[in-house]
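Me: I would like to learn how to read a helical model feature by feature. Could we take each idea in general terms and then look at the case at hand?

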Amino acid sequence: MVITTGDSYVGSAEKQLREKLGAIYSSVASQYDAPSPSQKANIESVMELFNKAEVQFKKLEKSSFSKILEKNQKINPEYKIKTFKEFIEG
């Protein structure tokens with residue numbers, strides 16, 4: 001979902017979901033008119049990429065998350081996953 005290759009100086013990698021979403025957001029947010037048909041098409045294509053990435057993440061989470069937690073519990077028994085509210089409260 002984000003660029004993990006290239007050095008952003010000499011060679012840049014293919015734009016990924018984050019960069020594509022940022023480009024669309026900045027182009028739409030910086031104008032006073034309604035989004036153009038091409039901008040709407042770009043939004044739809046990025047949403048398709050997002051939905052595919054979400055499905056892949058859920059598969060990965062389902063297959064690997066419990067294994068990662070088990071391994072981490074052995075290394076650090078005090079480790080606990082916080083809820084969003086607990087995380088925000090500190």
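Me: Where in H2 is the kink centred, and about how many degrees does it come to?

Reply: Please keep in mind throughout that this is a predicted model. A kink is read from the angle between axes fitted to the stretch before a residue and the stretch after it. In H2 the kink is centred on Ser64 and comes to about 45 degrees.

Me: What span should the 39 residues of H2 have, and how far apart are the end C-alpha atoms of H2?

Reply: The general idea is to multiply 1.5 Å by one less than the number of residues in the helix. For the 39 residues of H2 this gives an expected span of 57 Å, and because the end C-alpha atoms are 53 Å apart, the two values are taken to agree. For H1, with 13 residues, the expected span is 18 Å and the end C-alpha atoms are 18 Å apart, so there too the values agree.

Me: How many helices and how many strands make up the secondary structure of the protein?

Reply: The protein has three helices and zero strands, and the pattern read along the sequence is therefore written α-α-α, each helix being a DSSP run. Among these helices, H1 covers residues 17-29 and H2 covers residues 37-75.

Me: Which residues of H1 and H2 are buried?

Reply: A residue is called buried when its relative accessible area is under 20%. By that reading, Leu17, Glu19 and Ile24 are the buried residues of H1, while those of H2 are Gln39, Val46 and Ala53. The cover is mutual, since what covers the buried residues of H1 includes H2, and what covers the buried residues of H2 includes H1. Over the whole protein, 8% of the 90 residues count as buried.

Me: How far apart are the C-alpha atoms of Tyr25 and Gln39, which are 14 residues apart along the chain?

Reply: One reads such a pair by setting its separation in space beside its separation in sequence. The C-alpha atoms of Tyr25 and Gln39 are separated by 9.5 Å, and Tyr25, in helix H1, counts as exposed because its relative accessibility is 61%. Two further pairs involve Lys40, a residue of helix H2: its C-alpha atom is 9.2 Å from that of Ile24, 16 residues away along the chain, and 9.6 Å from that of Val28, twelve residues away. Lys40 itself is partly exposed, with a relative accessible area of 47%.

Me: With which residues is Val28 in contact, leaving aside its neighbours within four places in sequence?

Reply: Val28 belongs to helix H1 and, once those neighbours are set aside, is in contact with Pro35 and Gln39. At 23% relative accessibility Val28 counts as partly exposed. For the protein taken as a whole, among contacts between residues at least 6 apart in sequence, 22% join residues at least 24 apart.

Me: How many salt bridges does the structure hold?

Reply: Side chains of opposite charge can pair when their charged atoms come close. The structure holds one salt bridge, formed by Arg18 with Glu19, whose closest N and O atoms are 3.1 Å apart. Arg18 is exposed, with a relative accessible area of 54%, whereas Glu19 is among the buried residues of H1.

Me: Which residues form a nonpolar patch on the surface?

Reply: Membership of a patch requires over 30% relative accessible area. The patch here consists of Ile43, Met47 and Phe50, with about 240 Å² of accessible area together. Ile43, found in helix H2, is partly exposed at a relative accessible area of 34%, and so passes that cut-off. As for the wider surface, the protein exposes about 8200 Å², of which carbon and sulfur atoms supply 59%.

Key. Residues are numbered from 1 along each chain as its sequence is written. This is a predicted model: local features need pLDDT of at least 70, side-chain atom pairs count only at pLDDT 80 or more; totals for chains, interfaces and linings use all residues. Side-chain values use heavy atoms; hydrogens and water are left out. Patches are made of residues with over 30% relative accessible area and no salt bridge: like charges are joined within 9 Å, nonpolar side chains (Val, Leu, Ile, Met, Phe, Trp, Tyr) within 5 Å. Accessible areas come from the Shrake-Rupley method with a 1.4 Å probe; for residues, only the protein chains shown count as cover. A salt bridge is a side-chain nitrogen of Lys or Arg within 4 Å of a carboxyl oxygen of Asp or Glu. Helices (H or I, at least four residues) and strands (E, at least two) are DSSP runs, numbered from the N terminus. Buried means under 20% relative accessible area, exposed over 50%, partly exposed in between (1.4 Å probe, protein chains only). Contact means heavy atoms within 4.5 Å. The bend at a residue is the angle between axes fitted to the seven residues ending there and the seven starting there.
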